[in-house]
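Trainee: I am new to this structure. Please take me through one part of it closely, and then say how far the model can be trusted.

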Amino acid sequence: MSATEALAGSATEVSGSAVDLDHLRQVLAAEPARTPCVLEDGVGDEELLPAAVLFPIVRRNGQLTVLLTQRTAHLRDHPGQVSFPGGRCEASDVSPAATALRETSEEIGLAPAHVEIVGYLPEYRTSTGFRVTPVVAMVTPPFDLQLDAFEVAEAFEVPLSFLMNPANHQQHSLHYRGKLRHYYAMPYGDYFIWGATAGIIMSLYRALEIASR
């Protein structure tokens, strides 16, 4: 399934406020798997590097929010973009969850003690050469973040209800490597959430939307 095909014909709103831990467990995979997967527009048959990101859902004052980061502008890969904490899998990582937790701790200083992993979304394969395992977790405040100033310019939270509302899902296109590529975006205030981050968010939306039928 391509990222642009995943929501074809779908316009059902999934309320983030109605999503609880049991609901999440029902729509997520209990273990990471290579298939099924979501293909970003432009993925070919090249070898993809394994990576993992944490999809952190925060219990915040009676509502659920999603913790995101904005990358610093000088980075070689995806400078200035909004992203989930995460990165490439290292040889010492025993699982995608270990990668996601390690990278999250390194990037924003979120301690694993605050994180409860609840499941996995389909592997997301990017046109920039990665196969990303999204690790969905509930995060319990209070917690203090310590940002890696080299990689992370800012950490911020977006209401899950905003991200799960199809009225906030936009489709855009751009020319990349000589071809027209299509992608999702979810502008939120001054933040432009797009690319793989928006595609992974759409994977959760799609899973919840199917479960609500």
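Mentor: Start with the side chain of R125: one of its polar atoms lies 3.0 Å from the backbone oxygen of R34. The model is a predicted one, and the distance is computed from it. R125 belongs to strand β7, which covers residues 123–125. With a relative accessible area of 17%, R125 counts as buried, because the cut-off is under 20%. Setting aside neighbours within four places in sequence, the contacts of R125 include R34, C37, V38, L39 and E40. V43, L48, F130 and R131 are also in contact with R125.

Now for the confidence. The mean pLDDT of the protein is 89, and 90% of its residues reach 70 or more. Among the elements, strand β10 (residues 170–176) has the lowest mean, 85, and helix α2 has the highest, 98. Over residues 1–11 the pLDDT is below 50, although this stretch has 25 contacts in the model beyond near neighbours in sequence. Where pLDDT is low, the predicted coordinates should not be read in detail.

Helix α2 can serve as a check on geometry. It runs over residues 96–108, and its 13 residues should span 18 Å at 1.5 Å a residue; the end C-alpha atoms are 18 Å apart, so the two agree. Among the buried residues of α2 are P96, A97, T99, A100 and R102. The buried residues of α2 pack against strands including β2 (49–60), β3 (63–71) and β8 (130–139). After α2 comes G109, with a positive phi near 75 degrees.

Technical notes
Residues numbered from 1 in each chain as written. Predicted model: local features only at pLDDT ≥ 70, side-chain atom pairs only at ≥ 80, totals over all residues. Heavy atoms only, no water. Helix = DSSP H or I, 4+ residues; strand = E, 2+ residues; numbered from the N terminus. Buried < 20%, exposed > 50% of the residue type's maximum accessible area, 1.4 Å probe, protein only. Polar contact = N/O pair within 3.5 Å; in protein donor to acceptor, adjacent residues only side chain to side chain. Contact = heavy atoms within 4.5 Å. Expected span 1.5 Å × (residues − 1). pLDDT = per-residue confidence, 0-100.
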